[in-house]
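Here is a quick tour of a protein model, taken one topic at a time. Keep the 3D view open as you read.

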2 protein chains.
Amino acid sequence: MARVTGLDVFDIRFPTSRELDGSDAMNPDPDYSAAYVVLHTDDTGDTTAPAGPAASKGYGLAFTIGRGNDVQVAAIRALTAHVVGRPVPTTAADLGALSRDLMGDSQLRWLGPEKGVMHMAIGAVINAAWDLAARRAGKPLWQFLASMSPEEIVSLVDFRYLTDALTPEEALAILNAAKPGRAERERRLLAEGYPAYTTSAGWLGYSDEKLSTLAKQAIADGFAMIKLKVGSDLHDDVRRMKLAREVAGPAMRIAVDANQRWDVGTAVKWMEALAPYQPYWIEEPTSPDDVLGHRAVAKAVAPIKVATGEHVQNRVVFKQLLQLSAIEVLQLDACRVGGVNENVAILLLAAKFGVPVCPHAGGVGLCELVRHLSMFDYVAVSQTMEDRVIEWVDHLHAHFVDPAVVKRGRYITPTAPGFSAQMFDATLERFRFPDGPEWANENAGAVQARAHENKGRTS
Amino acid sequence: MARVTGLDVFDIRFPTSRELDGSDAMNPDPDYSAAYVVLHTDDTGDTTAPAGPAASKGYGLAFTIGRGNDVQVAAIRALTAHVVGRPVPTTAADLGALSRDLMGDSQLRWLGPEKGVMHMAIGAVINAAWDLAARRAGKPLWQFLASMSPEEIVSLVDFRYLTDALTPEEALAILNAAKPGRAERERRLLAEGYPAYTTSAGWLGYSDEKLSTLAKQAIADGFAMIKLKVGSDLHDDVRRMKLAREVAGPAMRIAVDANQRWDVGTAVKWMEALAPYQPYWIEEPTSPDDVLGHRAVAKAVAPIKVATGEHVQNRVVFKQLLQLSAIEVLQLDACRVGGVNENVAILLLAAKFGVPVCPHAGGVGLCELVRHLSMFDYVAVSQTMEDRVIEWVDHLHAHFVDPAVVKRGRYITPTAPGFSAQMFDATLERFRFPDGPEWANENAGAVQARAHENKGRTS
């Protein structure tokens, strides 16, 4: 029987801080990075897997923004003993067992539990195993998941700490209710894709002119919504929001994103100042850990919606945000939590509470991965794309073998087998930190000096 | 001016799983470990520091339970550029600035924010800097902190995300109210020490006979409370609790600790079964992330108190537990959060809400460190020891230069300068993983095999 023979991890960093792409109120100078996982197997292609040799590896990643990507790599390496040596067919056939195994290591659990570096590491490895399993099945991840029976899908989920809000029986009922229309929704998805919105216009480091040009472009490109970063300077934000509203007209949705910059009181005051320009949602108004804070902001700023999720550490925090009606938009992230399994739990929670899921994306590989989750949600869980949009940022996609593609404001539905996390070998060579050519020229001293300069910039 | 010249990190592991010390419902086989930090300076002792050459280094640690301690080490190393090169006197004189600097690295912040591996790393480094500063001042940490002005203490705290529950002005008022009696409370503390309770009797791996013997011993030793681990098997727990109550008599406080084992509904049912034996508190009934869950349990099990904290990731979660009246006992941990600074914030929050702090301890160095925080709290914040006890587990203290000492059920007040995290060089040599003699004999294959055996044991 084929087995997992190795787990390789790469420290890949893109020097995005040189252009201020991705700058916001809390993250002024990110170097978008990935701790990139390759699962190797001794599956030589002469197996029953439809995809043959292409299904001999699985790819996953954790997204970070630069310094600390080495810590993320170390955390993934700490999981090696849990995956290497496993039989491939049984692992691929029961990814709930793999998830329970990785989450259940009592010693590693102490480092979270279920949060931060160690949890993202588990997510990267689980996602790589899902990639492998979907490749073996010859299906894109969204379709592989959506072809499972409701019972199989429920068995993927760890219901610990969830049963006061969602029981396995309720989850099964949600999935069973969605079963009849699966084939029709799959056809529609393949024909029409999935709605996107863009953050490309609104980075905090951009000039008014660039904002205006990019916003016009976004509207011409057919996006249903644009998003601006806010939270650094109220006067600037009012001016930028007013400008965006003028460019976009009264009907276009414009979201704003504070990236956790505010306390509750500040969030409320800031949104009062922006309210005349009708922001659709305020994203990450305060700490992602503060479910009560989100509820307080949501009550105060209605009808502006509150959104969060890219830094919500696990299903337990999402559960509470939903129990409190503290969010009206749930922004799951493909790589922050414990992989596909925990994201299935989060999708089921959102469906139970009737809250639309509009995933976070834009980081390295996040657009590539998360589209699969939204598409699975549409086919097999929520049954709707209404008020649902996936974030889109048009950079770094060229590094991916099966890149996310957006046309006329919609994500094209992927059809290649797997979970789309695979990067080109040339990218791994060039952007490997610190020895790839992109970084070797910037010597270690310069990198350290930059770290020193950045001290305190965001506090 | 003297500068920080280096940051060394050691992977130190004690093979406690061989004896089932520390076993509980979620952690059946911990190897108590520390990612141990040494800050080096070029302070040669010819400075104005009262302690002279003894004040040339600072020691700190993050506590883990085995696998993953290497990840914790990597996270601490990622902070090197933030500390090496800093001037010692100005750093020691403004530890609020050091804290803001470490927490404010926008790229590293992405790995949390303020939670898990990266946050514990920041805590270890901040605590090492506090050790250095207290040594330079020639005072034990508790006294060093308690000799600061209320304004200085407030300046240590990051109030971001706290102001809806505690403002700087309110914190100042709490500290000012406690100022008059400081000297008298310091005298009392030095004369009488601080109350302790013991978990030594109640580890889940122990036989009934061992439990009974150790419980009798604990009472004879003068402890105000004992604690049993529960949560694995209800029938066993009822038997053990009944036995403990028989041994202890009706007046003795007996706490129980489920180590996050339950969902809300299970917690309530389990405590109904234990209630006839009058447990004083139920500790960690469910996920440390579930503030709403804790509130639900607290309402249902009253008058049994709900306690949590050893895995509460930061001040934002403590804030919510207090806002909801979800806990009646706050169990801060010296090494889980962002060091002394964040623990000062947590002590101030607890004082504001009138909830007693009974710290978690027992891991490597936790008793040594956390006694300083409770003693500072008594002198300068809460002004009382009533209903306050520090956990005590009598193992691994011999590895520390300034070990925690408990006599007649009370922690003796430490008087040596610093924060007591320093371990003996011989310990570092012997228990260094994987190359120290304690581990080199157990070859890498055996360690891997153990990791495999443990898969799924706790899920």
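## Salt bridges overall

Counting over all chains, the structure holds 58 salt bridges. Keep in mind that this is a predicted model. As background, side chains of opposite charge can pair when their charged atoms come close.

One pair to look up is Lys229(A) with Asp257(A), a salt bridge whose closest N and O atoms are 2.7 Å apart. This one links distant parts of the chain, with the two positions 28 residues apart in numbering: Lys229(A) belongs to strand β5 (residues 225–229) of chain A, while Asp257(A) belongs to strand β6 (residues 253–257) of chain A.

## Where the two chains meet

How many residues does each chain bring to the contact? Chain A puts in 73 residues and chain B puts in 74 residues. Together they bury about 6,200 Å² between chain A and chain B, and carbon and sulfur atoms give 53% of that area.

Now for the polar side of things. Six salt bridges are counted between chain A and chain B. For a concrete case, go to Asp290(B) and Lys319(A), whose side chains meet in a salt bridge at 2.5 Å, N to O. There are also 39 residue pairs in polar contact across the interface of chain A and chain B, counting pairs with both residues at pLDDT 80 or more. Which element gives the most to the side of chain A that touches chain B? That's helix α15 (residues 315–323) of chain A, with five residues. As for make-up, the residues on the side of chain A that touches chain B split into 28 nonpolar, 26 polar and 19 charged.

## A three-stranded sheet in chain A

Swing over to chain A and you'll find an open sheet of three strands, in the order β1-β2-β3, paired antiparallel. Why do β1 and β3 of chain A each have a side without a neighbour in the sheet? β1 (4–13) and β3 (57–64) stand at the edges with a single partner strand each, so one side of each stays without a neighbour in the sheet. From one strand to the next, the twist averages 15 degrees.

Zooming in on one pairing, β1(A) and strand β2 (residues 33–41) of chain A run antiparallel and are joined by nine bridges. Arg13(A) sits opposite Ser33(A) of β2(A). Lying across β1, β2 and β3 of chain A is helix α6 (residues 116–137) of chain A, which runs at about 150 degrees to β3(A).

## Backbone oddities

A bit of context for this last stop: most residues other than glycine have a negative phi, and most peptide bonds are trans.

Chain B has a cis peptide bond from Ala302(B) to Pro303(B), with omega near 10 degrees. You'll find Pro303(B) in the loop between α14 (291–301) and β8 (305–308) of chain B. Another cis peptide bond joins Phe433(B) to Pro434(B), with omega about 0 degrees, and Pro434(B) lies in the loop between α18 (425–431) and α19 (437–440) of chain B.

Then there's the matter of phi. Gln278(A) isn't a glycine, yet its phi is positive, at about 50 degrees; look for Gln278(A) in the loop between α13 (264–274) and β7 (281–283) of chain A. Over in chain B, Arg408(B) isn't a glycine either and has a positive phi of about 45 degrees. Arg408(B) has its place in the loop between β11 (406–407) and β12 (410–411) of chain B.

Definitions and conventions. Residues numbered from 1 in each chain as written. Chains lettered and ligands numbered in written order. Predicted model: local features only at pLDDT ≥ 70, side-chain atom pairs only at ≥ 80, totals over all residues. Heavy atoms only, no water. Pairing = 2+ DSSP bridges. Helix = DSSP H or I, 4+ residues; strand = E, 2+ residues; numbered from the N terminus. Axes fitted to C-alpha atoms, helices over the stretch in contact; angles between N-to-C directions. Contact = heavy atoms within 4.5 Å. Buried area = accessible area lost by both parts, 1.4 Å probe. Salt bridge = Lys/Arg side-chain N within 4 Å of Asp/Glu carboxyl O. Polar contact = N/O pair within 3.5 Å; in protein donor to acceptor, adjacent residues only side chain to side chain. Nonpolar A, V, L, I, M, F, W, Y, C, P; charged D, E, K, R; others polar.
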